[in-house]
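The following note is addressed to a colleague who is meeting this structure for the first time. It proceeds point by point, beginning with a single residue and ending with unusual backbone geometry.

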Amino acid sequence: MNIALLLAAGTDPTFRMNIPKQFVNVYNRPVIVYTMETFENHPEIDMIAVACLKGWENMVEAYAKQFGINKLKWVIPGGRTGQETSKIAVDRLMQECSSQDIIVIHDAIRPMVSNTVISDSIYTCKRKGMGVAAVTSMDNVMMTDDGMTGRLSISRYAFRRIQTPQTYFLGELKKAHEEALEKGIEGEIDTNNMISRLGRNVNFSKGSDNNLKINTVEDVAMFKALYAMKNGDI
């Protein structure tokens, strides 16, 4: 069974709207609904779980009912960090699912994820034990100590920009969370960071530059434009 775990538990004080990013309305639908619909319509996804910002659980369930998200089975209160939220959700899912089930972790604020990216993440996980969406940067980067000056240039071919989905076997991810806590690894922003700090290689799957993550108000406008282009409205 393939379970999509949508992470919707975060808040961002720099986001200049009076509502969390995942619940901002775009064309009369919240961002999280677009993301849920993609996984609802994906033939390889069997069930959906949402790790939700506390106090918004009933709203997610109402949106699912309103917009026909029939695969939604779990709405789980999230934690303080991405790592904690992932662990809470994994522990909850292990109560009802098999260790051999696949968990497809995805940011609720990446509503433009494609079926191809999701499928390749699942495929890579089945072949290599995990599948983390990644893309090559179009620009070189520099290390900096003060944010004002650079000291080391790094070729764009030497690194990847990490996205979601990040896909794992459920039982293996539970073991990784337990090992991380034993080693004092806490507070990571996402599962991929935790896995790499455990000393494990991360297996990349296909990403996409269209797999936009909504971090700013400007990103909301970008999502509107991408969505309109995808649907032939402009």
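1. Ser119 lies in helix H4; helices (H or I, at least four residues) and strands (E, at least two) are DSSP runs, numbered from the N terminus. The model is a predicted one, in which local features need pLDDT of at least 70 and side-chain atom pairs count only at pLDDT 80 or more, whereas totals for chains, interfaces and linings use all residues. Residues are numbered from 1 along each chain as its sequence is written, and side-chain values use heavy atoms, with hydrogens and water left out.

2. Ser119 is partly exposed, at a relative accessible area of 22%; buried means under 20% relative accessible area, exposed over 50%, and partly exposed in between (1.4 Å probe, protein chains only). Leaving aside neighbours within four places in sequence, Ser119 is in contact (heavy atoms within 4.5 Å) with His42 and Glu44. Its side chain makes a polar contact with the side chain of His42 at 2.9 Å, and another of 2.7 Å joins the side chains of Ser119 and Glu44. A polar contact is a pair of N or O atoms within 3.5 Å; within protein, one must be able to donate a hydrogen and the other to accept it, and residues adjacent in sequence count only if both atoms are side-chain atoms. Gly131 is twelve residues from Ser119 along the chain, and their C-alpha atoms are separated by 9.9 Å.

3. How are the seven strands of the open sheet ordered? The order is E5-E4-E1-E6-E10-E7-E11, with mixed pairing; two strands pair if DSSP finds at least two bridges between them. Strand E5 (72-77) and strand E11 (204-206) each have a single partner strand and stand at the edges, so one side of each is left without a neighbour in the sheet. Direction ignored, neighbouring strands of this sheet are turned by 30° against each other on average; the axes are lines fitted to C-alpha atoms, for helices over the stretch in contact, and angles run from 0 to 180 degrees between N-to-C directions.

4. Within this sheet, strand E1 (residues 2-8) pairs with strand E4 (residues 47-52) in the parallel sense over six bridges. Ala4 stands opposite Ile48 in E4. Helix H3 (residues 82-94) packs on the sheet and touches E1, E4, E5 and strand E6 (102-107). The direction of H3 makes about 135° with that of E5.

5. The largest nonpolar core has 28 residues, and those with the most contacts inside it are Ile32, Met36, Phe39, Ile48, Val50 and Val60. A nonpolar core is a set of buried Ala, Val, Leu, Ile, Met, Phe, Trp, Tyr and Cys residues joined through side-chain atoms within 4.5 Å. Elements giving two or more residues to this core are E1, H1, E4, helix H2 (57-66), E5, E6 and helix H4 (115-128). A second, separate core of 25 residues includes Ile3, Val90, Ile103 and Val202. Not counting residues up to four places away in sequence, Met36 touches Leu6, Ile48, Val50, Val60, Tyr63, Ala64 and Ile69.

6. Is helix H1 mostly covered or mostly open? It is mostly covered, as ten of its ten residues are buried. The buried residues of helix H7, among them Asp219, Phe223 and Tyr227, pack against strand E2 (25-26), strand E3 (29-30) and helix H1 (31-40).

7. Gln163, found in strand E10 (residues 160-169), is buried, with a relative accessible area of 4%. Its side chain reaches the backbone oxygen of Ser208 at 2.8 Å. Residues touched by Gln163 include Arg110, Val132 and Asn211, when those up to four places away in sequence are not counted.

8. Some backbone geometry merits attention. Most residues other than glycine have a negative phi, and most peptide bonds are trans. Tyr27 has a positive phi of about 50° and Asn28 one of about 70°, although neither is a glycine. Tyr27 is placed in the loop between E2 and E3, and Asn28 lies in that loop as well. Tyr27 is partly exposed at 45% relative accessible area, whereas Asn28 counts as exposed at 74%. The peptide bond from Thr164 to Pro165 is cis, with omega near 15°, and Pro165 lies in strand E10.
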